[in-house]
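Welcome, and thanks for taking a look at this one. Please have the sequence and the 3D view open side by side as you read the briefing below.

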Amino acid sequence: MSVVELHDVTKVYEGHVEALRGVDLTVERGELVAIVGPSGSGKSTMLHMIGTLDLPTTGTVRVAEYDVAELSDRELSALRARHLGFVFQQFHLAPGVSALDNVADGLLYSGIGLRARRELAASALERVGLGHRLGHRPNQLSGGEQQRVAVARAVAGDPPLLLADEPTGNLDSASGAEVLTVLGGLHAAGTTIAIITHDAEIAAWCHRQVRLRDGRIVADLTRAADLTGVADLTRNADPERAAGFEQGAPE
Ligand code: ADP
């Protein structure tokens, strides 16, 4: 089953900026896909379309089989709350608030009571390896740990799709690898993940690379061999692994 389908999506911003010029993309359940391309190629715009944060100018966006153009604002919020998790380059954690409550507050609009929110938050923090840091505030955590809190917040409600926009962009390489290992573990446990990245190593670590240029998909590559041992790949990731990628059949 597909979690996202974009059909002939265009996005024209004010001033006639054509950020997307007819994009077709299907992401199937269980994929780990990198969206790559130079600055200005339309990556963030595409993530905004997939994340239902903005609507296309023309074309269709389906998330979890809902046509987002047919949903009211309220229904869109509910779709985001139930189906999507977001991680950004900036951690966006509330200062002075414990890791547990930063994660639990991410579920404020889920209709779940405080106690259950905190239980889900604790379990999400365990999943990202921070079960021993529940009471720590952001300024008591390293950058890598803060981003792992942000990942826990994104997945606490178990969304089928996690969207990450340059999730390691603010981290040194060791902390970045730590965050990737967490993402790899979540993917192994069943979460579909789309990562926007500039980083060729991260792109090579993903199963699939969708390359954008000037608002168009110019390549859609799937690695033939499956991931084995995320930690190893994190350490050994090499852009030359792109040699192991195959051009997917055009849709
Ligand atoms: P990327 O994420 O690959 O850097 P973006 O999707 O941010 O690319 O941008 C694609 C193009 O759209 C760029 O030319 C950018 O300047 C333009 N753009 C992005 N957002 C807006 C906006 N809100 N208003 C006008 N132009 C925008």
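A good place to begin is the ligand, where a backbone N or O atom of Ser-41 lies 3.1 Å from one of the ligand's oxygen atoms. Keep in mind as you explore that this is a predicted model. Its mean pLDDT is 90, with 89% of the residues at 70 or more.

**Around the ligand**

- Gly-40 also approaches through its backbone, with an N or O atom 2.7 Å from a ligand oxygen.
- Thr-45 uses its side chain instead: an N or O atom there is 2.5 Å from an oxygen atom of the ligand.
- On its own the ligand has 560 Å² of accessible area, and the protein covers 58% of that.
- The surrounding residues include a run from Pro-38 through Ser-39, Gly-40, Ser-41, Gly-42, Lys-43 and Ser-44 to Thr-45. Tyr-13, Val-17 and Ala-19 complete the list.
- Helix α1 makes the biggest contribution to this shell, with three residues. Strand β2 (17-28) is another element that supplies at least two.

**Helix α1**

- Is this helix mostly enclosed or mostly open? Six of the eight residues of α1 (residues 43-50) are buried, so the rest of the structure largely encloses the helix.
- The buried positions are Lys-43, Thr-45, Met-46, Leu-47, Met-49 and Ile-50. Two of these, Lys-43 and Thr-45, are also among the residues around the ligand.
- After the helix comes Thr-52, which has a positive phi near 55 degrees.

**The open antiparallel sheet**

- Four strands make up an open sheet, ordered β2-β1-β4-β5, with antiparallel pairing.
- β2 and β5 (66-67) are the edge strands and have a single partner each, so one side of each has no neighbour in the sheet.
- Strand β1 (residues 2-13) runs antiparallel to β2, and nine bridges join the two.
- Within that pairing, Tyr-13 stands opposite Val-17 of β2. Both residues also belong to the group around the ligand.
- As a reminder for viewing, side chains in a regular strand alternate between the two faces of the sheet.

**Strands β3, β9 and β10**

- Strand β3 (residues 32-36) runs parallel to strand β9 (residues 208-213), and four bridges join them. Val-33 faces Arg-208 of β9.
- β9 is also joined to strand β10 (residues 216-223), this time antiparallel and by six bridges. Here Arg-211 has Ala-219 in β10 as its bridge partner.
- β9 and β10 form a hairpin with two residues between them. In the turn, Asp-214 has a positive phi of about 50 degrees.

**His-83**

- His-83 is part of helix α2 (residues 73-83).
- Its relative accessibility is 15%, so His-83 counts as buried, the cut-off being under 20%.
- Which residues does His-83 touch, leaving aside those up to four places away in sequence? The contacts are Ala-64, Tyr-66, Pro-159, Pro-160 and Leu-161.

**Where to trust the model, and where to be careful**

- Confidence is highest in strand β4 (residues 58-63), at a mean of 98, and lowest in helix α8 (residues 230-236), at 42.
- The pLDDT is below 50 over residues 227-243, a stretch with 24 contacts in the model beyond near neighbours in sequence.

Technical notes. Residues numbered from 1 in each chain as written. Predicted model: local features only at pLDDT ≥ 70, side-chain atom pairs only at ≥ 80, totals over all residues. Heavy atoms only, no water. Buried < 20%, exposed > 50% of the residue type's maximum accessible area, 1.4 Å probe, protein only. pLDDT = per-residue confidence, 0-100. Contact = heavy atoms within 4.5 Å. Pairing = 2+ DSSP bridges. Near = heavy atom within 4 Å. Polar contact = N/O pair within 3.5 Å; in protein donor to acceptor, adjacent residues only side chain to side chain. Areas by Shrake-Rupley, 256 points an atom, 1.4 Å probe, with all protein chains shown as cover.
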